[in-house]
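Me: I would like to go through a structure and test each label against its cut-off. Please keep the replies short.

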Amino acid sequence: MKVKDPSGQTWRVTRRWVPWRRRLKGVLPNMPTGVGSLGDNPISLVIGIIFLIIAIPFILLAIVAALELLLLFLVIPFALLARALFGQHWTVEARRGFHIWYDEPAGDWQASGIRIHALADQIRHGDTPPQTVGDGPG
């Protein structure tokens, strides 16, 4: 659910669908782009090798992000099935913009839905929840 506080800041209050928070969210837009066309002389080869050495950490980070996304797609059906069958509790999170600001365990599906609406109304009326996650966006 998307709400705005009295100062105009957008908040998103939702359930967390997997038992963990994504760590590499937003990494791919920060990846460096290519250097264009390199020539076929020795200087271009040296520049290409230097670029490759600089790009290796970004490539590894992109691979880890892709593997995390693949794991997410593989786990979601089983996590949802486990939540439905065993009554696993849901976590409600409030994100200020896109940064997680607050989270709390909220019980089953119905209780978490009630808590989402209550938290959204609380934010809408200017009573922001305490910051319980990360440093937030300043």
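Me: Start with glutamate 93 and arginine 95. What makes this pair a salt bridge?
Reply: The N to O distance between their side chains is 3.4 Å. The cut-off is within 4 Å, between a side-chain nitrogen of Lys or Arg and a carboxyl oxygen of Asp or Glu. The pair therefore counts as a salt bridge. Glutamate 93 is buried, and arginine 95 is buried too. Keep in mind that this is a predicted model.

Me: What is the general idea behind such pairs?
Reply: Side chains of opposite charge can pair when their charged atoms come close.

Me: How many salt bridges does the whole structure hold?
Reply: The search finds 5.

Me: Why is the contact of arginine 16 with aspartate 103 called a salt bridge?
Reply: The closest N and O atoms are 2.6 Å apart. The limit is 4 Å, so the pair qualifies. Arginine 16 is in strand 2 and aspartate 103 is in strand 4, 87 residues apart, so the pair links distant parts of the chain. Both arginine 16 and aspartate 103 are buried.

Me: Which residues are linked in a network of salt bridges?
Reply: Arg16, Glu93, Arg95 and Asp103.

Me: How do you know that arginine 115 and glutamate 104 form a salt bridge?
Reply: Their side chains meet at 3.1 Å, N to O. That is within 4 Å, so the label holds. Arginine 115 lies in helix 2 and glutamate 104 in strand 4, so the pair ties together parts that are 11 residues apart in sequence.

Me: Is each partner of that pair buried, exposed or partly exposed?
Reply: Arginine 115 has a relative accessible area of 23%. Buried means under 20% and exposed means over 50%, so arginine 115 is partly exposed. Glutamate 104 stands at 16%, under the 20% limit, so glutamate 104 counts as buried.

Me: Now the rings. How many aromatic pairs are there?
Reply: The count comes to 2 aromatic pairs.

Me: Why is the pair of tryptophan 11 and tryptophan 101 called edge-to-face?
Reply: The ring centres are 5.9 Å apart, within the 6.5 Å limit for a pair. The planes stand at 80°, and over 60 degrees counts as edge-to-face, so the name fits. Tryptophan 11 is in strand 2 (residues 10-16) and tryptophan 101 in strand 4 (residues 99-107), 90 residues apart. Tryptophan 11 and tryptophan 101 are both buried.

Me: What makes tryptophan 90 and tryptophan 109 an edge-to-face pair?
Reply: Their ring centres lie 5.2 Å apart, within 6.5 Å. Their planes are at 75°, over the 60 degree cut-off, so this pair is edge-to-face. Tryptophan 90 lies in strand 3 (residues 90-96) and tryptophan 109 in helix 2 (residues 109-124), so the pair ties together parts that are 19 residues apart in sequence.

Me: How do you know whether tryptophan 90 and tryptophan 109 are buried or exposed?
Reply: Tryptophan 90 has a relative accessible area of 6%, under 20%, so tryptophan 90 is buried. Tryptophan 109 is at 44%, in between 20% and 50%, so tryptophan 109 counts as partly exposed.

Me: What sits over the ring of tryptophan 109?
Reply: The charged end of arginine 15 does, 3.5 Å from the ring centre. The distance cut-off is within 6 Å, so that part of the test is met. Arginine 96 lies over the face of tryptophan 101, at 5.0 Å from the ring centre.

Me: What makes leucine 74 exposed?
Reply: Its relative accessible area is 51%. Exposed means over 50%, so leucine 74 passes. Leucine 74 lies in helix 1 (residues 42-86).

Me: Which residues make the nonpolar surface patch?
Reply: Leu52, Ile56, Ile59, Leu60, Ile63, Leu67, Leu70 and Leu74 make a patch of about 740 Å².

Me: Why is histidine 125 called exposed?
Reply: The relative accessible area of histidine 125 is 66%, over the 50% cut-off, so the label is exposed. Histidine 125 lies in the segment after helix 2.

Me: What pattern does the chain follow along the sequence?
Reply: The pattern is β-β-α-β-β-α. The chain has 2 helices and 4 strands. Of its 138 residues, 29% count as buried.

Terms used: Residues numbered from 1 in each chain as written. Predicted model: local features only at pLDDT ≥ 70, side-chain atom pairs only at ≥ 80, totals over all residues. Heavy atoms only, no water. Phe/Tyr/Trp six-rings, centres within 6.5 Å; stacked < 30°, edge-to-face > 60°. Buried < 20%, exposed > 50% of the residue type's maximum accessible area, 1.4 Å probe, protein only. Lys NZ or Arg CZ within 6 Å of the ring centre and 35° of its normal. Patch = residues over 30% accessible without salt bridge, like charges linked within 9 Å, V, L, I, M, F, W, Y side chains within 5 Å. Areas by Shrake-Rupley, 256 points an atom, 1.4 Å probe, with all protein chains shown as cover.
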